[in-house]
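Let's take a guided look at a protein and the DNA it sits with. Have the sequence and the 3D view open as you read.

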Protein chains: 2
Amino acid sequence: MASGSQQTVRPITMRDVARESGFSPTTVSITLNDAPLARYLPAETKTRIRQAAKKLGYRPNPFARSLVSRRSELVGVMVFDVTDPYCTPILRGIEKTLYESSYMPIFTDSHNDPARFERYLEMMLDRRVEGLIIVANWLFLDIDILADLRKQEIPTTLVSRDLGSSFISSVAVDNEAGARAGLSYLLELGHREIVVIRGPALLTDTEPRWKGVQSAAAAAGLTLDPALVVDLPDSADPRSSFDGGCALVERLLQEGRRFTAVMAFDDMSALGVMRALAGKGIRVPEDCSVIGFDDIGPASLCTPALTTVRQPMELMGATAAGIVIADVAAVRERQSYQAVVQKMTPELVVRQSTAPARKGGT
Amino acid sequence: MASGSQQTVRPITMRDVARESGFSPTTVSITLNDAPLARYLPAETKTRIRQAAKKLGYRPNPFARSLVSRRSELVGVMVFDVTDPYCTPILRGIEKTLYESSYMPIFTDSHNDPARFERYLEMMLDRRVEGLIIVANWLFLDIDILADLRKQEIPTTLVSRDLGSSFISSVAVDNEAGARAGLSYLLELGHREIVVIRGPALLTDTEPRWKGVQSAAAAAGLTLDPALVVDLPDSADPRSSFDGGCALVERLLQEGRRFTAVMAFDDMSALGVMRALAGKGIRVPEDCSVIGFDDIGPASLCTPALTTVRQPMELMGATAAGIVIADVAAVRERQSYQAVVQKMTPELVVRQSTAPARKGGT
DNA sequence: TCCCGAAGTTCGATTTAAATG
DNA sequence: GCATTTAAATCGAACTTCGGG
């Protein structure tokens, strides 16, 4: 039982500290904030005030403080789907960077619902966040919704895609380079009959990854078999990527296509591919290699562990937070800041799902 | 480029709305808050005020508001490890419930660092959260740290374990029933030589799950082979559970133990088990069945998909948020509230990693 | 007394200007 | 003028009280 039967506990205010220490509220404020004027206060005074504050367990009221400082010390962190394993390392990166600063994150998860995102954005504005980090792992976002941000001068950074906006920074992986690295690796292993699963048409990642694949193929003088190039359907649910990868490969198998490797759009679809292959008794990597993209948690937990193109997600989150913090500081000092576009370098992570091609794949 | 070159934009205040509409700030306040006195105001007055507010894009200053209302409308959500797939469905549940209320979540991730947790807790208190939800998926938490909460009358709910505290509510799964269901299922399938991987000794979940296993075995008249009962090492890292499961099974295999099924402590260790088995060419489920606990995302993504005992994580999060909201309301109305302990019912999810026992397992 | 509206106080801090010795 | 301290104004909204019709 915890109750409220006793009289409401009046919180300790600065006035209480003043009374306890025998000084005025002004002096207390100056002391506890180490304001410029604190230089003139004798050490004796300051220690007495500090002791009184500690003795009473004084906690400055953040609302009174924010009211005059006009600062919330709040940064909004908006995610489109927390349950997507792609998001959490980014959140971790954001946390690590924010921890060093004085900002606290206000968190929202719109689970792929644009309406919810919009409402949460309004709430963020209402709460006077000083900066905003949006982890747009999946959804298709209308820039207009973000126009308010410009007016209110709220520095914003988007993680995992480039909006091409003039006032919103972004941190994204170099999709083209990543895809190129992935396909190149399969080619090195001797694979020639390769299934390429492209992403949903609406996703901004889809295009550059496909370009990377094409350029790697061209560099090796290989023409990809159009029958082996398939597309994931549009959908906002990461799980659908798994189902899509599974279904596409099942269909190819049904059609009697022969291939020795699959380059999936992302890890989720790669996992789906492995499921489909297992269903037909095709072994990975002995009979067919599989490579993913992202390096989400499950990629290293499944068996065989997935070879993939890794996005430095934690670093991306940390970078985004760093940009926002710097821009907020700029705004406070009445300076202008530039919207930047950070392209992060992906890294090929070789695990167990890839192997040299053998003659006569499935 | 987004800049601050133009003169600082003074935010719109109630006074501006008053001037614009031709009424006093008082009337504006009464109107916009639908205060009791609004009954007496002519509709004409109210619409004019509302129009003026909308025209100016007026957003009430939350700090001024909180200062007088003494309410932050903030709920703290503290997680011990966001990257743990176990956490995110819980967060989703919390979000769904909080969305209906007027509370915004302040979020922290202490990534298994008690010191960080403590500092974040202080920050929560500084920020005047009205309630607290702690997702203690893993770490061993000292109740003393939470003593402040009692003093400050901040309703708190712990998700995923019972602290046995008199003032902190908790929402946890019925571990004993879950483990019983899991082992019973293996027994039904005809398994008798079963490896049981117990959790780390320090985890509160370990004990009840082991009890559940024992009671199921007893009910079936089976004596578990002590040589097949092994323990995960203590560690705060979820990944270590995977490594632990893998290593333990490898050791058993090395020792030449024979078994036809493995009941893992959780999904992570089950995934590790599958890795170990695959390494020795043992097929799941043909040669050996594997069952996990939790039903985290990767459980259904890996191949074969993992049979497991499911915790209703989203529901648990939603329940916790509901409790906190109700308790906050009670505190506001000067009523007492009880710390409750909610035991959620787990559910056996049968997938591909289990099959009937065959004579002469590995 | 009922209706409508506004002046003034309060919340808890910061900050400026000024008052002490 | 200098070191030390403080009264008073301010931030923006909510609420209590009060005045005229």
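A residue counts as near a strand here if one of its heavy atoms lies within 4 Å of that strand. With that in mind, 25 residues surround DNA strand D, and the closest are A:Tyr40, A:Arg70, B:Met14, B:Asn33 and B:Tyr58. Keep in mind that this is a predicted model. The points below go through the two protein chains, then the two DNA strands, then a few details worth a click.

**How the two protein chains relate**

- Chain A can be laid on chain B with an RMSD of 0.1 Å, using a turn of 180° and a shift of 0.0 Å along the axis.
- The two copies are thus related as by a two-fold rotation axis.
- Both copies use the same surface for this: 99% of the contact residues of chain A recur in chain B.

**Where chain A meets chain B**

- On the contact count, 75 residues of chain A touch 74 residues of chain B.
- Together the two chains bury about 6900 Å² between them, and 54% of that is on carbon and sulfur atoms.
- Ten salt bridges turn up across the interface of chain A and chain B.
- Want one to find on screen? Try B:Asp126 and A:Arg59, whose side chains meet in a salt bridge at 2.8 Å, N to O.
- As background, side chains of opposite charge can pair when their charged atoms come close.
- Polar contacts link 32 residue pairs between chain A and chain B, counting pairs with both residues at pLDDT 80 or more.
- Several elements of chain A give two or more residues to the side that touches chain B, among them α5 (87-100), β2 (104-109), α10 (238-254) and α11 (267-279).
- Which element gives the most to that side of chain A? The answer is α6(A), with eight residues.
- Sorted by class, the residues on the side of chain A that touches chain B are 34 nonpolar, 21 polar and 20 charged.

**Around DNA strand C**

- Strand C has 25 residues around it, and A:Met14, A:Ser29, A:Tyr58, B:Ser24 and B:Tyr40 come nearest.
- Of the atoms of strand C that come within 4 Å of the protein, sugar and phosphate account for 69%.
- Two threonines reach base atoms of strand C: a polar side-chain atom of A:Thr26 lies 3.5 Å from a base oxygen, and an N or O atom in the side chain of B:Thr26 is 3.1 Å from a base nitrogen.
- The side chain of A:Asn33 has an N or O atom 2.9 Å from a phosphate oxygen of strand C.
- The largest share of the surface near strand C comes from α4(A), with four residues.
- That surface near strand C has 13 nonpolar, nine polar and three charged residues.

**Around DNA strand D**

- For strand D, 66% of the atoms within 4 Å of the protein belong to sugar or phosphate, and the rest to bases.
- A:Thr26 shows up here too, with a side-chain N or O atom 3.0 Å from a base nitrogen of strand D.
- Phosphate oxygens of strand D also have partners: a polar side-chain atom of A:Thr45 lies 3.3 Å from one, and a polar backbone atom of B:Met14 is 2.4 Å from one.
- At least two residues each of the surface near strand D come from α2 and α4 of chain A and from α2 and α4 of chain B.
- Which element supplies the largest share of the surface near strand D? It is α4(B), with four residues.
- By class, the surface near strand D divides into 14 nonpolar, nine polar and two charged residues.

**Details inside the chains**

- Over all chains, a search of the whole structure finds 44 salt bridges.
- One pairs A:Glu20 with A:Lys55, with the closest N and O atoms 2.7 Å apart.
- A:Glu20 lies in helix α1 (residues 14-21) of chain A and A:Lys55 in helix α3 (residues 43-56) of chain A, so this pair ties together parts that are 35 residues apart in sequence.
- The peptide bond from A:Val284 to A:Pro285 is cis, with omega near 5°, and A:Pro285 is found in the loop between α11 and β9 (289-294) of chain A.
- Chain B has a cis peptide bond joining B:Val284 and B:Pro285, with omega about 5°.
- A:Glu153 is not a glycine, yet its phi is positive, near 55°; look for A:Glu153 in the loop between α7 and β4 (156-159) of chain A.

Definitions and conventions: Residues numbered from 1 in each chain as written. Chains lettered and ligands numbered in written order. Predicted model: local features only at pLDDT ≥ 70, side-chain atom pairs only at ≥ 80, totals over all residues. Heavy atoms only, no water. Least-squares fit on C-alpha atoms with pLDDT ≥ 70 in both. Contact = heavy atoms within 4.5 Å. Buried area = accessible area lost by both parts, 1.4 Å probe. Salt bridge = Lys/Arg side-chain N within 4 Å of Asp/Glu carboxyl O. Polar contact = N/O pair within 3.5 Å; in protein donor to acceptor, adjacent residues only side chain to side chain. Nonpolar A, V, L, I, M, F, W, Y, C, P; charged D, E, K, R; others polar.
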